[in-house]
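Let's take a look at how aromatic rings can meet inside a protein chain. Have the sequence and the 3D view open as you read.

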Amino acid sequence: MWQFQDFAAPTPGSACDQNAGQCYTAHWNADGHDWVCHTAGGSKGISLGDPDGSLHVNLLPVGDDTLPVATEQSVRGDVWNVTLPQGDNQYSLRLALRVIEATETRLVIEPTLSIQTLLLDTHPTLDLTALGDCGVIFDEGDTLGDGSPPISTVQLHGETGSVAVLLAPTDAPFTTDLRREGHLQLRLFGEFLEKGVIRKARPWIVLDRSKQGVSESELQAYLKRLCETPLPLTA
């Protein structure tokens, strides 16, 4: 169950700090261990992972852009919804965060990101970043063996655990891989956005702090579940 904390105190590696302004924070407790998500917006973006910031994934604006600032949150079932309205920014952003699996050592989470603009000429992008040595486990191709469109999974290993990002056929062709040594950077969206159109991205993120990490067979199983899960209509 999600537990909330508004205007959170800063934690290392998180999106919240003293200059972030409004920042919604939600915790998910699994076997006595908290996983946490911060939604500051602005230049600080969104972050999720360990409360101490040692194993974290960030969703950040690109270049000189800033994200809208979070103004509203709610829960529907097991989904935490945060609204970041457009204001002076290029677009509005809605985050729907669903926990797929959570234990003391592993979190599998589905962030559905929905963007929309009131402007006539925008080209919004958002970077998904994490620290660690990257290696592509599956790249574009029919890795499920069933004629599926291209899918992709990138896994990275750091000092405190591993991160895997899974992209379904709805996202993989529209995501730019900008990873470099010691740093994962996947650029979401990247297409021209027409006024009034809603565009969504829905990666699955696997955070694991166990010694054995996540096996390739487990990633295949998660990817199959992702491909079989329809996009939520209300996010």
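Is Trp 28 buried or exposed? This is a predicted model, and in it Trp 28 has a relative accessible area of 15%, so it counts as buried. The cut-off for that label is under 20%.

Now for the company Trp 28 keeps. The model has 2 aromatic pairs. In one of them, the ring centres of Trp 2 and Trp 28 sit 5.2 Å apart with planes at 75 degrees, so this pair is edge-to-face. An angle over 60 degrees is what earns that name. Trp 2 belongs to strand E1 (residues 2–6) and Trp 28 to strand E2 (residues 24–30), so the pair links distant parts of the chain, 26 residues apart.

Trp 2 also pairs with Trp 80: here the ring centres are 5.6 Å apart and the planes make 40 degrees, so the pair is called tilted. Trp 80 is in strand E8 (residues 79–84), while Trp 2 is in strand E1, so this contact ties together parts that lie 78 residues apart in sequence.

Here's how buried each ring's residue is:

| Residue | Relative accessible area | Label |
|---|---|---|
| Trp 2 | 7% | buried |
| Trp 28 | 15% | buried |
| Trp 80 | 0% | buried |

Put the pairs together and you get one aromatic cluster, made of Trp 2, Trp 28 and Trp 80.

Methods: Residues numbered from 1 in each chain as written. Predicted model: local features only at pLDDT ≥ 70, side-chain atom pairs only at ≥ 80, totals over all residues. Heavy atoms only, no water. Phe/Tyr/Trp six-rings, centres within 6.5 Å; stacked < 30°, edge-to-face > 60°. Helix = DSSP H or I, 4+ residues; strand = E, 2+ residues; numbered from the N terminus. Buried < 20%, exposed > 50% of the residue type's maximum accessible area, 1.4 Å probe, protein only.
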